[in-house]
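Thank you all for coming; I would like to take a few minutes to walk through one model with you. Please have a look at the sequence and the fold before I begin.

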Amino acid sequence: MASLHLVSLSIRLPDFSAGAKNYRNSATLASKKTPISVSFAVNSPESAPEAPEKPEIELEFIGPRPGDDGEYPMERARTVSGEKLLRNIMLDGKIELYAPYGKVMNCGGGGSCGTCIVEKPESWRLACQSIVGNKENSGKVLVQRLPQWKK
């Protein structure tokens, strides 16, 4: 629960209307002080604003071929929107990204080999060059792994 505390402070300042010569004389300063009051608000530690929840993206990765039961294998991952490359999400989640040739010959995320190709809505992309989401959106993304294997 946020709370705000009002703090009041009273101080005395010299009366500056007497002229500059009086400021050199401390006896004059002591006798000519004018009280003022200052108020300000202070947030207590429990009232510190909570960090806004970061939007999250849920990813579903469809396997390239159906299993023995005729269903395409599905793997899932979650990440904060706009913070990670798709390649890193897949590697961190141990989700198969490369075909056999790509496991040996990939460029390590440099964007020059094309072995990390995936199909996201509307187009094919390189996983090493695709940031998932942005800092404002959330939702679900469907990704076809190894689309070159699709039949």
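I will start with the sheet and then turn to two loop residues.

This is a predicted model, in which local features need pLDDT of at least 70, side-chain atom pairs count only at pLDDT 80 or more, and totals for chains, interfaces and linings use all residues. Residues are numbered from 1 along each chain as its sequence is written, and side-chain values use heavy atoms, with hydrogens and water left out.

The sheet is open and mixed in its pairing, with 5 strands in the order β4-β3-β7-β5-β6, where strands are DSSP runs of E with at least two residues, numbered from the N terminus, and two of them pair if DSSP finds at least two bridges between them. Because β4 (74-80) and β6 (123-126) stand at the edges with a single partner strand each, one side of each is left without a neighbour in the sheet. Strand β3, residues 56-62, pairs with β4 in the antiparallel sense over 7 bridges, and Ile62 stands opposite Met74 in β4.

Turning to the loops, is Ser130, between β6 and β7 (139-145), buried or exposed? Ser130 is buried, at a relative accessible area of 7%, where buried means under 20% and exposed over 50%, with partly exposed in between, for a 1.4 Å probe and protein chains only. A polar atom of the Ser130 side chain lies 2.9 Å from the backbone oxygen of Leu126.

Lys94, by contrast, counts as exposed at 73% relative accessibility, and its phi is near 55 degrees, a positive value in a residue other than glycine.

Notes
Helices (H or I, at least four residues) and strands (E, at least two) are DSSP runs, numbered from the N terminus. A polar contact is a pair of N or O atoms within 3.5 Å; within protein, one must be able to donate a hydrogen and the other to accept it, and residues adjacent in sequence count only if both atoms are side-chain atoms.
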